[in-house]
2 protein chains.
Amino acid sequence: MATIYDVAKAAGVSPKTVSRVMNGDAPVNQVTREAVEQAMLALNYVPSSAARTMRSQRSGLIGMITGAISTTHQFEDAGLPEIYLVQGAQRVIDQSNRTLLIADSGGQAERIPTLLQTFREHRVEGVLYVAEYHREVTLPASLRDRPIVLVNCFDAEDTPCVLPDDEGGQFALVEGLIRRGHQRIAYLTLPEHQVACGLRVSGYRRAHAHNGIDVDEQLVQVGALPSSTHEYDLLWDALDRVLKAEPTVICCANDKMAMRVYGLLRERGIAIPQQMSVAGYDDYRMIAEHLHPGLTSAELPYGAMGARAADKLLRLMSGTTKTNEPSRELVSAPVAWRESVQSRDLNVTQLNSRRRET
Amino acid sequence: MATIYDVAKAAGVSPKTVSRVMNGDAPVNQVTREAVEQAMLALNYVPSSAARTMRSQRSGLIGMITGAISTTHQFEDAGLPEIYLVQGAQRVIDQSNRTLLIADSGGQAERIPTLLQTFREHRVEGVLYVAEYHREVTLPASLRDRPIVLVNCFDAEDTPCVLPDDEGGQFALVEGLIRRGHQRIAYLTLPEHQVACGLRVSGYRRAHAHNGIDVDEQLVQVGALPSSTHEYDLLWDALDRVLKAEPTVICCANDKMAMRVYGLLRERGIAIPQQMSVAGYDDYRMIAEHLHPGLTSAELPYGAMGARAADKLLRLMSGTTKTNEPSRELVSAPVAWRESVQSRDLNVTQLNSRRRET
DNA sequence: CGATGTCATGACATCGGTGTCATACATGAT
DNA sequence: ATCATGTATGACACCGATGTCATGACATCG
């Protein structure tokens, strides 16, 4: 492997001049520059980031730790959207001429210390700490010594974080349903202890309040359990209960649940969307686009969150964070409207209630 | 940040002795060792991988390039299973005391040269080159200068690679269907130019031959198009055609297609699995487990492939590759049997034909 | 008892860049 | 002519590990 000395010799200059050509930190004569560039090309020279890091005390590395926080060893599909986070973050980080170092614990918590040790050995300059679902976390002490941004999670100490706007997303979805003429909107929720559950239910309620519609509490039922093995044991009963309240649309806590509801409704001979509209959450396109009919869903904007988090981290690292910048950032996303939701004609009463909106 | 000199001073020894304590490459007195270890702990010392890399000329890094090969900029969900590959590879690589450096192009081919440059600057010692679907690729010349293992793809020059056993997987699935009493097995294939299409159809045919069943060619139809926008334009007609051939089960080229077939069959009032069994491919659990009824599917073993590829690469790097080791490795996986396939009673004729198997 | 070997340790150079400082020359202002 | 300024370049040290070699203290052996 050619070094800067080889290039210098080939170009007939000092190593420092080669360095100047690469970094542009001091003027270099045009003729010299070209000679150096030719030599670099001829020798297929690639600078060593190790040497650079050592001398400059800057690694240019940003660490991302994912799949880190699972309590269960089998977190299965929860980790899938991470790839979007990675892509979003990497796009931003590449532009800043840095490199993303990813540590995926694969849900094995006992491997985290090793991974963090690797980060420290490589002198990562900042950390993106990613949770697999919207939740509160407690940071390991060893992560407190460098800039960090939490992604899809938050802590009690107001560490900077980037979160999905669950409340706003559910609001937009329900608001859209109401605009499409739905008044009796069922909601099958996430497990109640989940952060996203509370937020989304709030959004659901705010959309109702905003349109002057009272929420029939029978329309809101818990649709999923925390344990992944019995995750949907409740669903059958929950669906039965909301159906008794005669909704025109069923909002599901996520697309997986919506997929199950498709099956359950069809078993009951209820046609989607002619007899019942259905909506999901996550806009997990692998599901939403290929279900039949296509599933209306509020997007969980992982790509945008990754990009925003990387951006926030870079600003944190360079000290250019605006003083008024909130430590907690919400990322919103549009609702993807597909065929699973059918518009209903508005009758006069409903029009009256809609008029209040504006 | 504390250095090895700080530790040496604190422990009252030379830096070299500290190095020896860390690396265990020469005997160190027990008393000295303990003093050094205490000093390291007290100073919160973390060795610098940059310095190590520079001196030892070994970076301990393995590069993985993913999402790299897409021709379309929007490869959407194709990239999702990559997370399993990453996890599988990282598990193996961590054990070898190395670090995985992941470069995800996000499907933007123009970013690849930059990413490879980063790899070279960091002196990665080996590369895992990942394709987003089973295909042939042509390696960039700049990757030929270090050990490399292709994952989910292969090239014309017999570069070592790890591939899913599509033929075997489809064979096992169809074989299982036959054992469960199915004789008329429809198959909706991938786009014909795809490598996996040919292999899976071969497996399908071999399972028939193995059981002495003739394949009714009307049962085999192309179910998907290459273009992602018109991907399933064919599906409606293809399904119609295979239904005319009166199958008892429909094998779909992948789980996405199976999900669509669920919808289409139900539109026609055909109950799954009572009137028609359905099977998929990929065992994409997010879909297969939550569809109703649960979808029988042949697993595409991404996790295992990642681990196998990492293992193969490590052996290649250390020169311990067995001389008789094939450059191309197939990874098999079991079929996940779920409720979408119903067993059928075997009549006497069928039993006779089954008897031939053994 | 001297030769040899093992254990334990340190001195010193080195890996490949870059920061600091010095130097040489050309240009323009005083 | 003198000095300041800017351009262009090189010498040299240094970042933090580790490989090489040397050294001293003991133990073992013939």
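Student: Which helix gives the most to the surface near DNA strand C?
Tutor: In this predicted model, α2(A) does, with 4 residues.

Student: And which helices supply at least two residues each?
Tutor: From chain A, α1 (4–11), α2 (15–23) and α4 (49–56). From chain B, α2 (15–23) and α4 (49–56).

Student: How many residues surround strand C, and which are the closest?
Tutor: There are 27 around DNA strand C. The closest are A:I4, A:R55, B:T17, B:R20 and B:T32. Sugar and phosphate make up 51% of the strand C atoms that come within 4 Å of the protein.

Student: What's the mix of nonpolar, polar and charged residues there?
Tutor: The surface near DNA strand C has 11 nonpolar, 9 polar and 7 charged residues.

Student: What does the side chain of B:R20 approach on the DNA?
Tutor: A base nitrogen of DNA strand C. An N or O atom of the B:R20 side chain is 2.6 Å from that nitrogen.

Student: OK, B:R55 next. Base or phosphate?
Tutor: Base. A polar side-chain atom of B:R55 sits 3.0 Å from a base oxygen of strand C.

Student: And B:Q57, base or phosphate?
Tutor: Phosphate. One of its polar side-chain atoms is 3.3 Å from a phosphate oxygen of strand C.

Student: Switching topic. What turn lays chain A on chain B?
Tutor: A turn of 180°, with a shift of 0.0 Å along the axis. The RMSD is 0.0 Å. The two copies are therefore related as by a two-fold rotation axis.

Student: Which C-alpha of chain A is nearest the axis?
Tutor: That of A:A50, 2.2 Å from the axis.

Student: Why say the copies meet through the same surface?
Tutor: Because 100% of the interface residues of chain A are also interface residues in chain B.

Note on methods
Residues are numbered from 1 along each chain as its sequence is written. Chains are lettered from A and ligands numbered from 1 in the order in which they are written. This is a predicted model: local features need pLDDT of at least 70, side-chain atom pairs count only at pLDDT 80 or more; totals for chains, interfaces and linings use all residues. Side-chain values use heavy atoms; hydrogens and water are left out. A residue is near a molecule or strand if one of its heavy atoms lies within 4 Å of it. A polar contact is a pair of N or O atoms within 3.5 Å; within protein, one must be able to donate a hydrogen and the other to accept it, and residues adjacent in sequence count only if both atoms are side-chain atoms. Ala, Val, Leu, Ile, Met, Phe, Trp, Tyr, Cys and Pro count as nonpolar, Asp, Glu, Lys and Arg as charged, and the others, Gly among them, as polar. Copies are superposed by least squares on the C-alpha atoms of residues with pLDDT of at least 70 in both. Contact means heavy atoms within 4.5 Å.
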